[in-house]
Amino acid sequence: MVIFVRRKSKIYNMIKLVIIFLFSLLTSSLFAQDIQLPTPDKKGGKTLMQALSERKSSREFKEKELPNDVLSNLLWAANGFNREGKRTAPTANNRQELELYVVMKSGIYFYNAREHKLLLIKNGDYRKSAGTQAYVANAPVNILFVSDSGKASGKNYAYTDCGFVSQNIYLYCASEGLATVVRGSYDKKALEELLLLPASQEVLLTQTVGYPK
Ligand SMILES: Cc1cc2nc3c(=O)[nH]c(=O)nc-3n(C[C@H](O)[C@H](O)[C@H](O)COP(=O)(O)O)c2cc1C
């Protein structure tokens with residue numbers, strides 16, 4: 001009798017574990033989560049002169065998503081930390097007022113550069129809202145440049161700082177054979193509402209990235 005009860009509770013426990021496992025599998029596939037990016041590969045890529053030769057704007061993208069290692073390299077190249085407390089792109093007076101949001105099929109993420117991690121802000125596909133040109137809805141990645149006026153050394157410098165990050169993205173894409181275009185074509189107010197930005201923060205530029213068609 002004791003053996004039978006023990007065996008029964010073992011089976012119940014196993015069933016419970018299987019249910020929990022299946023449930024977590026289902027929810028993780030339905031709902032996006034934070035993404036811990038792998039360590040960026042800082043050794044690869046074309047030479048700087050080759051990348052400069054191939055830098056260009058492209059507006060046709062495959063639907064194919066970027067794997068996490070490519071996403072990791074892209075975001076690190078764009079505005080990651082490359083030494084203690086400082087980044088791949090300069091900012092006036094080292095204010096580091098610029099942060100990146102990433103709009104993908106699975107959701108909208110904040111790029112936490114210090115932890116090299118994508119923090120989920122919104123679950124779901126908002127790519128269509130990332131710009132006013134048709135290709136943004138199909139491209140796998142739209143990057144939003146969000147500047148904090150409370151930190152920046154003035155608006156002119158804030159815009160200038162965006163240019164460095166954009167060129168970093170252009171050069172990484174040229175080096176990796178990815179397609180990209182920087183964009184001023186987006187509904188600023190709608191995007192700022194979508195991101196629930198505080199009054200001090202605004203979207204100053206956007207950039208689309210994906211595989212060329
Ligand atoms: C600040 C800025 C805003 C831009 N906005 C857009 C845009 O909204 N849509 C677009 O298709 N291209 C946009 N572009 C890309 C330019 O059209 C492109 O850089 C230009 O035609 C030169 O082509 P290239 O980048 O291939 O040299 C923008 C470029 C810059 C620098």
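Two strands pair if DSSP finds at least two bridges between them; helices (H or I, at least four residues) and strands (E, at least two) are DSSP runs, numbered from the N terminus. The legends below concern a predicted model, in which local features need pLDDT of at least 70 and side-chain atom pairs count only at pLDDT 80 or more, while totals for chains, interfaces and linings use all residues. Residue numbers start from 1 along each chain as its sequence is written.

**View 1. The whole chain combines 5 helices with 9 strands.**
Reading from the N terminus, you will meet the elements in the order α-β-α-α-β-β-β-β-β-β-α-β-α-β. The protein chain has 213 residues, and 33% of them count as buried, which here means that 20 or more other C-beta atoms, placed from the backbone, lie within 10 Å of the residue's own (12 or fewer is exposed, and in between is partly exposed). Contacts are C-beta pairs within 7 Å, again with the C-beta atoms placed from the backbone. Of the contacts between residues at least 6 apart in sequence, 75% link residues at least 24 apart.

**View 2. An open sheet is built from 7 strands.**
Follow the order E1-E6-E5-E4-E7-E9-E8 across the sheet, where the pairing is antiparallel. The edges are taken by strand E1 (35–36) and strand E8 (179–183); each has a single partner strand, so one side of each is left without a neighbour in the sheet.

**View 3. Two hairpins follow one another through E4, E5 and E6.**
E4 and E5 are joined as a hairpin with 2 residues between them, and their antiparallel pairing covers 4 bridges. The next hairpin, E5 with E6, has 4 residues between its strands, and His116 in its turn has a positive phi of about 50 degrees. Strand E5 (residues 107–112) and strand E6 (residues 117–123) are antiparallel over 6 bridges. Phe110 is a handy landmark: its bridge partner in E6 is Leu119, and Phe110 is itself the bridge partner in E5 of Tyr101. For Tyr111, the bridge partner in E6 is Leu118.

**View 4. Ile121 belongs to strand E6.**
Is Ile121 buried or exposed? Ile121 counts as partly exposed, because it has 18 C-beta neighbours inside 10 Å. Once its neighbours within four places in sequence are set aside, Ile121 is in contact with Ile108, Tyr109, Phe110 and Leu195. Val102 is 19 residues from Ile121 along the chain, and 9.6 Å separates their C-alpha atoms.

**View 5. Helices H3 and H4 lie across strands of the sheet.**
Helix H3 (residues 68–79) lies across E1, strand E4 (98–104), E5 and strand E9 (201–210), and runs at about 155 degrees to E4. Helix H4 (residues 155–176) lies across E4, strand E7 (141–148), E8 and E9, running at about 10 degrees to E9. For such angles, axes are lines fitted to C-alpha atoms (for helices, over the stretch in contact), and values run from 0 to 180 degrees between N-to-C directions.

**View 6. H3 and H4 come together, with axes within 7 Å.**
The two axes cross at roughly 140 degrees. On the H3 side, Val70, Asn73, Leu74, Ala77, Ala78 and Asn79 make the contact, and on the H4 side Val165, Asn168, Ile169, Tyr172 and Glu176 do. By class, this contact has 7 nonpolar, 3 polar and 1 charged residues, with Ala, Val, Leu, Ile, Met, Phe, Trp, Tyr, Cys and Pro counted as nonpolar, Asp, Glu, Lys and Arg as charged, and the others, Gly among them, as polar.

**View 7. The ligand has a shell of residues around it.**
Which residues surround the ligand? They are Lys56, Ser57, Arg59, Gln133, Val181, Val182, Arg183, Gly184 and Ser185, chosen by a C-beta atom, placed from the backbone, within 6 Å of the molecule. The shell has 2 nonpolar, 4 polar and 3 charged residues.

**View 8. Asn94 and Gln96 sit in the loop between E3 and E4.**
Most residues other than glycine have a negative phi. Asn94, though not a glycine, has a positive phi of about 50 degrees, and for Gln96, also not a glycine, phi is likewise positive at about 50 degrees. Asn94 counts as exposed, because it has 11 C-beta neighbours inside 10 Å. Gln96 is partly exposed, with 19 other C-beta atoms within 10 Å. The strand before this loop, E3, spans 86–87.

Key. Contact = placed C-beta atoms within 7 Å.
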